Amino acid sequence: MSLPVRPCPIVLAAPSGAGKTTIARTLVDNPDRFVFSVSATTRPPRPGERDGVDYYFLDDAQFQGMVERGELAEWALVHGYKYGTPKKSFAEAAASGVHLVLDIDIQGARQVRESVPDAVLVFILPPSGEALVNRIAGRGGEQREETRRRLMAAHTELQRAPEFDYIVVNDQLDDAIRQVLAIVDAERLRASRMAGVEGEIRRLQREIDDIVKRSLSS
Ligand code: ADP
Ligand code: 5GP
(Lines give C-alpha, C1' and ligand atoms only; values in the text may rest on other atoms or scores of the structure.)
(Ligands and ions follow the chains in the order given, each with its own letter.)
Protein backbone atom coordinates (compact mmCIF):
# COMPACT_ATOMS: atom_id res chain seq x y z
CA MET A 1 0.00 0.00 0.00
CA SER A 2 1.40 3.42 -0.86
CA LEU A 3 0.03 6.40 1.01
CA PRO A 4 -0.87 9.52 -1.02
CA VAL A 5 1.64 11.79 0.73
CA ARG A 6 1.55 15.53 0.02
CA PRO A 7 4.77 17.38 0.94
CA CYS A 8 4.12 20.37 3.20
CA PRO A 9 6.07 23.64 3.34
CA ILE A 10 8.53 23.82 6.26
CA VAL A 11 9.11 27.22 7.87
CA LEU A 12 12.30 27.63 9.88
CA ALA A 13 12.27 30.78 11.99
CA ALA A 14 14.64 31.90 14.73
CA PRO A 15 16.37 34.90 16.21
CA SER A 16 19.33 35.92 14.06
CA GLY A 17 22.32 33.65 14.72
CA ALA A 18 20.42 30.62 16.08
CA GLY A 19 21.30 28.62 12.96
CA LYS A 20 18.18 28.46 10.79
CA THR A 21 20.05 29.20 7.54
CA THR A 22 22.59 26.47 8.30
CA ILE A 23 19.79 23.96 8.91
CA ALA A 24 17.81 25.10 5.85
CA ARG A 25 20.85 24.80 3.58
CA THR A 26 21.54 21.29 4.86
CA LEU A 27 17.97 20.21 4.11
CA VAL A 28 18.04 21.56 0.55
CA ASP A 29 21.28 19.66 -0.10
CA ASN A 30 18.81 16.85 -0.74
CA PRO A 31 16.94 18.15 -3.81
CA ASP A 32 14.84 14.98 -4.08
CA ARG A 33 12.99 16.05 -0.94
CA PHE A 34 13.51 19.77 -0.39
CA VAL A 35 13.73 23.03 -2.30
CA PHE A 36 14.80 26.38 -0.90
CA SER A 37 12.27 29.19 -0.96
CA VAL A 38 13.98 32.10 -2.72
CA SER A 39 12.72 35.32 -1.15
CA ALA A 40 12.32 38.74 -2.70
CA THR A 41 14.25 41.50 -0.92
CA THR A 42 15.15 45.15 -1.22
CA ARG A 43 18.52 44.46 0.45
CA PRO A 44 21.44 44.91 -1.95
CA PRO A 45 23.30 41.70 -2.83
CA ARG A 46 26.36 40.74 -0.76
CA PRO A 47 29.49 39.59 -2.58
CA GLY A 48 28.88 36.17 -4.11
CA GLU A 49 25.07 36.30 -3.84
CA ARG A 50 23.21 35.58 -7.07
CA ASP A 51 19.90 37.02 -8.19
CA GLY A 52 17.24 34.34 -8.43
CA VAL A 53 19.35 31.86 -6.42
CA ASP A 54 19.95 33.47 -3.01
CA TYR A 55 17.26 36.15 -3.36
CA TYR A 56 15.31 38.03 -5.98
CA PHE A 57 16.98 41.41 -5.54
CA LEU A 58 14.39 44.13 -6.19
CA ASP A 59 14.18 47.87 -5.79
CA ASP A 60 11.53 49.36 -3.54
CA ALA A 61 9.03 49.97 -6.39
CA GLN A 62 9.36 46.41 -7.71
CA PHE A 63 8.85 45.00 -4.21
CA GLN A 64 5.83 47.25 -3.65
CA GLY A 65 4.42 46.04 -6.98
CA MET A 66 4.58 42.43 -5.75
CA VAL A 67 2.85 43.41 -2.51
CA GLU A 68 0.07 45.27 -4.36
CA ARG A 69 -0.51 42.45 -6.83
CA GLY A 70 -0.86 40.05 -3.89
CA GLU A 71 2.11 37.98 -5.07
CA LEU A 72 3.67 37.49 -1.62
CA ALA A 73 2.52 34.96 0.96
CA GLU A 74 4.11 37.12 3.67
CA TRP A 75 6.49 40.00 3.90
CA ALA A 76 8.27 41.93 6.65
CA LEU A 77 10.72 44.70 7.32
CA VAL A 78 13.88 43.08 8.69
CA HIS A 79 16.92 45.10 9.75
CA GLY A 80 15.75 48.01 7.57
CA TYR A 81 15.00 46.05 4.36
CA LYS A 82 11.87 44.39 3.01
CA TYR A 83 11.81 40.61 2.59
CA GLY A 84 8.96 38.48 1.27
CA THR A 85 8.09 34.97 0.12
CA PRO A 86 6.62 34.67 -3.42
CA LYS A 87 3.35 32.72 -3.42
CA LYS A 88 4.29 30.96 -6.66
CA SER A 89 7.06 29.02 -4.86
CA PHE A 90 4.45 27.00 -2.95
CA ALA A 91 2.71 25.82 -6.12
CA GLU A 92 6.02 25.04 -7.85
CA ALA A 93 7.30 22.94 -4.92
CA ALA A 94 3.97 21.11 -4.65
CA ALA A 95 4.02 20.34 -8.40
CA SER A 96 7.54 18.89 -8.01
CA GLY A 97 6.49 16.82 -4.98
CA VAL A 98 9.07 18.39 -2.65
CA HIS A 99 8.95 20.34 0.61
CA LEU A 100 9.45 24.09 0.25
CA VAL A 101 11.91 25.26 2.97
CA LEU A 102 11.39 28.83 4.16
CA ASP A 103 14.20 30.55 6.07
CA ILE A 104 12.38 33.66 7.25
CA ASP A 105 12.06 35.95 10.23
CA ILE A 106 9.54 35.49 13.02
CA GLN A 107 7.05 38.16 11.90
CA GLY A 108 6.95 36.49 8.47
CA ALA A 109 6.46 33.03 9.95
CA ARG A 110 3.44 34.25 11.88
CA GLN A 111 1.89 35.54 8.64
CA VAL A 112 2.50 32.19 6.94
CA ARG A 113 0.41 30.58 9.66
CA GLU A 114 -2.54 32.61 8.24
CA SER A 115 -1.79 32.60 4.51
CA VAL A 116 -0.54 28.99 4.18
CA PRO A 117 -2.34 26.91 6.84
CA ASP A 118 -0.69 23.76 5.48
CA ALA A 119 2.80 24.97 6.49
CA VAL A 120 4.68 23.50 9.46
CA LEU A 121 6.28 26.14 11.66
CA VAL A 122 9.53 25.28 13.43
CA PHE A 123 11.20 27.66 15.86
CA ILE A 124 14.96 27.17 16.19
CA LEU A 125 16.42 28.06 19.60
CA PRO A 126 20.08 28.59 20.45
CA PRO A 127 21.28 26.40 23.35
CA SER A 128 22.37 29.45 25.39
CA GLY A 129 22.79 33.21 25.28
CA GLU A 130 26.54 32.76 25.07
CA ALA A 131 26.26 30.43 22.06
CA LEU A 132 24.02 32.98 20.33
CA VAL A 133 26.56 35.79 20.88
CA ASN A 134 29.39 33.59 19.66
CA ARG A 135 27.47 32.56 16.54
CA ILE A 136 26.55 36.13 15.63
CA ALA A 137 30.15 37.23 16.23
CA GLY A 138 31.60 34.13 14.53
CA ARG A 139 29.65 34.80 11.35
CA GLY A 140 31.65 38.02 11.02
CA GLY A 141 30.62 41.29 9.46
CA GLU A 142 28.51 42.41 12.42
CA GLN A 143 29.68 45.47 14.36
CA ARG A 144 29.42 45.54 18.17
CA GLU A 145 26.36 47.80 18.11
CA GLU A 146 24.66 45.62 15.48
CA THR A 147 25.32 42.50 17.58
CA ARG A 148 23.75 44.23 20.58
CA ARG A 149 20.74 45.21 18.47
CA ARG A 150 20.27 41.62 17.28
CA LEU A 151 20.51 40.29 20.84
CA MET A 152 17.86 42.73 22.02
CA ALA A 153 15.64 41.68 19.12
CA ALA A 154 16.27 38.01 20.05
CA HIS A 155 15.05 38.68 23.58
CA THR A 156 11.67 39.84 22.25
CA GLU A 157 11.42 37.25 19.46
CA LEU A 158 11.92 34.32 21.85
CA GLN A 159 8.55 35.14 23.36
CA ARG A 160 6.90 33.90 20.14
CA ALA A 161 8.38 30.40 20.30
CA PRO A 162 5.36 28.78 22.03
CA GLU A 163 3.09 29.82 19.10
CA PHE A 164 5.01 27.58 16.71
CA ASP A 165 4.21 23.93 15.92
CA TYR A 166 7.64 22.67 17.00
CA ILE A 167 10.67 23.95 18.87
CA VAL A 168 14.16 22.61 18.10
CA VAL A 169 17.25 23.52 20.12
CA ASN A 170 20.22 23.87 17.80
CA ASP A 171 23.01 22.75 20.12
CA GLN A 172 24.77 20.01 18.15
CA LEU A 173 23.97 20.74 14.51
CA ASP A 174 23.58 17.04 13.56
CA ASP A 175 21.02 16.51 16.33
CA ALA A 176 19.04 19.60 15.31
CA ILE A 177 18.95 18.45 11.68
CA ARG A 178 17.86 14.96 12.74
CA GLN A 179 15.05 16.49 14.79
CA VAL A 180 13.85 18.66 11.89
CA LEU A 181 13.88 15.60 9.61
CA ALA A 182 11.87 13.67 12.22
CA ILE A 183 9.30 16.48 12.25
CA VAL A 184 9.07 16.37 8.44
CA ASP A 185 8.64 12.58 8.49
CA ALA A 186 5.89 12.77 11.11
CA GLU A 187 4.07 15.58 9.30
CA ARG A 188 4.10 13.64 6.04
CA LEU A 189 2.14 10.90 7.80
CA ARG A 190 -0.54 13.20 9.18
CA ALA A 191 -3.89 11.74 8.12
CA SER A 192 -5.28 15.19 7.27
CA ARG A 193 -2.54 15.71 4.65
CA MET A 194 -3.44 12.55 2.75
CA ALA A 195 -5.82 13.61 0.04
CA GLY A 196 -7.35 10.44 -1.39
CA VAL A 197 -6.39 8.14 1.47
CA GLU A 198 -10.01 6.96 1.58
CA GLY A 199 -9.53 5.21 -1.79
CA GLU A 200 -6.46 3.37 -0.47
CA ILE A 201 -8.35 2.35 2.68
CA ARG A 202 -11.26 1.02 0.59
CA ARG A 203 -8.82 -0.99 -1.52
CA LEU A 204 -7.34 -2.49 1.67
CA GLN A 205 -10.86 -3.26 2.96
CA ARG A 206 -11.70 -5.05 -0.30
CA GLU A 207 -8.55 -7.17 0.02
CA ILE A 208 -9.53 -8.11 3.58
CA ASP A 209 -13.12 -8.86 2.53
CA ASP A 210 -11.85 -11.15 -0.24
CA ILE A 211 -9.62 -13.03 2.20
CA VAL A 212 -12.53 -13.40 4.65
CA LYS A 213 -14.86 -14.65 1.87
CA ARG A 214 -12.27 -17.13 0.63
CA SER A 215 -11.63 -18.44 4.14
CA LEU A 216 -15.38 -18.94 4.67
CA SER A 217 -15.82 -20.83 1.41
CA SER A 218 -12.88 -23.18 1.99
P1 ADP B 1 20.59 32.32 11.30
O2 ADP B 1 20.26 31.95 9.90
O3 ADP B 1 19.61 31.77 12.28
O4 ADP B 1 20.83 33.78 11.50
P5 ADP B 1 23.10 30.93 10.72
O6 ADP B 1 22.63 29.64 10.14
O7 ADP B 1 23.65 31.96 9.79
O8 ADP B 1 21.97 31.60 11.66
O9 ADP B 1 24.17 30.55 11.83
C10 ADP B 1 24.92 31.52 12.56
C11 ADP B 1 26.35 31.01 12.76
O12 ADP B 1 26.32 29.92 13.67
C13 ADP B 1 27.01 30.49 11.48
O14 ADP B 1 28.38 30.87 11.50
C15 ADP B 1 26.88 28.97 11.60
O16 ADP B 1 27.92 28.30 10.95
C17 ADP B 1 26.94 28.77 13.10
N18 ADP B 1 26.17 27.60 13.57
C19 ADP B 1 24.95 27.18 13.16
N20 ADP B 1 24.55 26.09 13.85
C21 ADP B 1 25.55 25.81 14.73
C22 ADP B 1 25.73 24.79 15.73
N23 ADP B 1 24.81 23.86 15.99
N24 ADP B 1 26.86 24.81 16.45
C25 ADP B 1 27.81 25.76 16.21
N26 ADP B 1 27.71 26.75 15.29
C27 ADP B 1 26.58 26.78 14.55
P1 5GP C 1 19.83 38.23 5.38
O2 5GP C 1 19.71 39.62 4.84
O3 5GP C 1 20.92 38.13 6.43
O4 5GP C 1 19.96 37.20 4.30
O5 5GP C 1 18.47 37.90 6.14
C6 5GP C 1 18.03 38.72 7.17
C7 5GP C 1 16.81 38.12 7.82
O8 5GP C 1 15.69 38.17 6.91
C9 5GP C 1 16.96 36.66 8.24
O10 5GP C 1 16.38 36.53 9.55
C11 5GP C 1 16.13 35.93 7.24
O12 5GP C 1 15.62 34.72 7.76
C13 5GP C 1 15.02 36.92 6.99
N14 5GP C 1 14.32 36.65 5.72
C15 5GP C 1 14.85 36.18 4.57
N16 5GP C 1 13.91 36.03 3.64
C17 5GP C 1 12.74 36.39 4.22
C18 5GP C 1 11.38 36.44 3.75
O19 5GP C 1 11.04 36.10 2.63
N20 5GP C 1 10.45 36.90 4.62
C21 5GP C 1 10.77 37.27 5.90
N22 5GP C 1 9.77 37.68 6.68
N23 5GP C 1 12.02 37.23 6.35
C24 5GP C 1 13.00 36.79 5.54
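This report describes the nonpolar cores, the residue Asp105 and the surroundings of ligand 2 in a predicted model.

## Basis

Residues are numbered from 1 along each chain as its sequence is written, and chains are lettered from A and ligands numbered from 1 in the order in which they are written. In this predicted model local features need pLDDT of at least 70, side-chain atom pairs count only at pLDDT 80 or more, totals for chains, interfaces and linings use all residues, and side-chain values use heavy atoms, without hydrogens and water.

## Nonpolar cores

The largest nonpolar core (buried Ala, Val, Leu, Ile, Met, Phe, Trp, Tyr and Cys residues joined through side-chain atoms within 4.5 Å) has 25 residues. Buried means under 20% relative accessible area (1.4 Å probe, protein chains only). Among the residues with the most contacts inside this core are Ile10, Val122 and Val168. Helices and strands are DSSP runs (H or I, at least four residues; E, at least two), numbered from the N terminus.

Strand 1 (10–13), strand 8 (120–125) and helix 7 (173–188) are among the elements that each supply at least two residues of this core. Helix 7 gives the most, with five residues. A second, separate core of 18 residues includes Val11, Ala73, Leu121 and Phe164.

## Asp105 and ligand 2

Asp105 lies in the loop between strand 7 (99–103) and helix 4 (106–115). The side chain of Asp105 makes a polar contact (N or O atoms within 3.5 Å, within protein one able to donate a hydrogen and the other to accept it, and residues adjacent in sequence counting only if both atoms are side-chain atoms) with the side chain of Gln107, at 2.7 Å.

Polar side-chain atoms of Tyr55 and Arg46 lie 2.5 Å and 3.0 Å, respectively, from an oxygen atom of ligand 2.

Terms used:
Buried < 20%, exposed > 50% of the residue type's maximum accessible area, 1.4 Å probe, protein only.
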